[in-house]
Structure formats: structure tokens, C-alpha cells
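Here is a short report on one protein model. It covers cysteines, helices, an aromatic pair and a pocket.

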Amino acid sequence: LDGVSWRMVHACAGIKDCPLNLLQLAMKLHPNQIEESDEEGKFPLNLAIQSGKRWEDGIETILVAYPSAITRQDKSTCLYPFMMAAVGYRSSLTCIYNLLQACPELERFMGT
């Protein structure tokens, strides 16, 4: 793989149609990977959102396993997860709403 470290959790998170039970198995087998970024600085939550996964198809599972992921900016876009969820044709109001609710630091984005 040319010096690139392959991460099962990241692979499952980044595939839109990856079954939830496979993502959960990957997280169980490699629990440390949920808190690691890949070579591009992306965390599993970023990859899941980018892939177009729905809240119930893995985003909630990832966030429950690693709540701090909500505060991690994507290195390539500088967007927070709730911002990423609002961009493009794959945006989901359910996902955006739930990510915003999970973000206690939201005040700093609302200008207060």
C-alpha cells in the first residue's frame, strides 16, 4: 500500500453502503481507530459524512463511540462535522440536526 496505513474502521466509515453491522464489527476489532485520523487528517466521522451515510447507518454509532469527533475539523475543508453534513447534494437535515445537538461548543459558531 505504498507506506499508507490501512484502517478498517476508516474504510467502513467511508463507504456509504457499508452495512452498519460491519462498521460495528470493525470498531469492535479496532477500537483505537475511531480516534485516529488517516493520512489526509480525516477521522471516521468525517469520512462517514462525506460518503453520504445517514445518521442511523453509522454516523450516530461513530459519534457515540467517539463524542469528541464532533469538535474535529476536516483538514482539507476546515469544516466541522455539522458543517460538512450541510454541504452538497448528500446533505441530510436529520444528520445536521443531530450533529448540532451533540455539539456543546455550538455557541462559538452562533456569534455569542
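A disulfide is a pair of cysteine sulfur atoms within 2.5 Å. By that cut-off, this predicted model holds zero disulfides. The sulfur of C12 comes closest to that of C18, at 3.8 Å, which is too far for a bond. C18, likewise, is in no disulfide, and its nearest cysteine sulfur is that of C12. Both cysteines are shielded: C12 is buried at 6% relative accessibility, and C18 is buried at 9%.

**Overall fold**

The protein chain has six helices and zero strands. Along the sequence the pattern reads α-α-α-α-α-α. Of the 112 residues in the chain, 40% are buried. Contacts reach across the sequence: among those with a separation of 6 or more, 58% join residues 24 or more positions apart.

**Helix α3**

Which residues of α3 are buried? They are P44, L45, N46, L47, A48, I49 and S51. That makes seven of the eight residues of the helix, so α3 is largely enclosed by the rest of the structure. The cover over these buried residues includes α1 (8–13), α4, α5 and α6 (93–101). Just after α3, the backbone at G52 takes a positive phi of about 95 degrees.

A positive phi also occurs at C78, which is not a glycine; the value there is about 65 degrees. C78 sits in the loop between α4 and α5.

**The aromatic pair**

The structure holds one aromatic pair. Its partners are F43 and Y66, with ring centres 6.3 Å apart and planes at 35 degrees, a tilted arrangement. Where do the two residues lie? F43 is in the loop between α2 (20–29) and α3 (44–51), while Y66 is in the loop between α4 (59–65) and α5 (81–84). The pair therefore ties together parts that are 23 residues apart in sequence. Neither ring residue is left open: F43 is buried, with a relative accessible area of 8%, and Y66 is buried too, at 7%.

**Accessibility of selected residues**

The residues discussed one by one compare as follows.

| Residue | Relative accessible area | Class |
|---|---|---|
| C12 | 6% | buried |
| C18 | 9% | buried |
| F43 | 8% | buried |
| Y66 | 7% | buried |
| L100 | 27% | partly exposed |

L100 belongs to helix α6. At 27%, L100 counts as partly exposed, because buried means under 20% and exposed means over 50%. Along the chain, L100 and F82 are 18 residues apart. In space, their C-alpha atoms are separated by 6.1 Å.

**The largest pocket**

How much space lies in the largest pocket? The volume is about 190 Å³. Its lining has 15 residues. Nearest the centre are I49, Q50, M84, A85 and V87. The lining divides into seven nonpolar, six polar and two charged residues. One of the residues nearest the centre, I49, is also among the buried residues of α3.

**In brief**

The model is an arrangement of six helices without strands and without disulfides. Helix α3 is largely enclosed. One tilted aromatic pair, F43 and Y66, links two loops. The largest pocket offers about 190 Å³ of space.

Note on methods: Residues numbered from 1 in each chain as written. Predicted model: local features only at pLDDT ≥ 70, side-chain atom pairs only at ≥ 80, totals over all residues. Heavy atoms only, no water. Phe/Tyr/Trp six-rings, centres within 6.5 Å; stacked < 30°, edge-to-face > 60°. Helix = DSSP H or I, 4+ residues; strand = E, 2+ residues; numbered from the N terminus. Buried < 20%, exposed > 50% of the residue type's maximum accessible area, 1.4 Å probe, protein only. Contact = heavy atoms within 4.5 Å. 1 Å grid on protein atoms, 1.4 Å probe; cavity = no way out; pocket = protein on both sides within 12 Å on 5 of 7 lines; lining within 4 Å. Points joined across faces, edges and corners; volume = space filled by probe spheres on them. Nonpolar A, V, L, I, M, F, W, Y, C, P; charged D, E, K, R; others polar.
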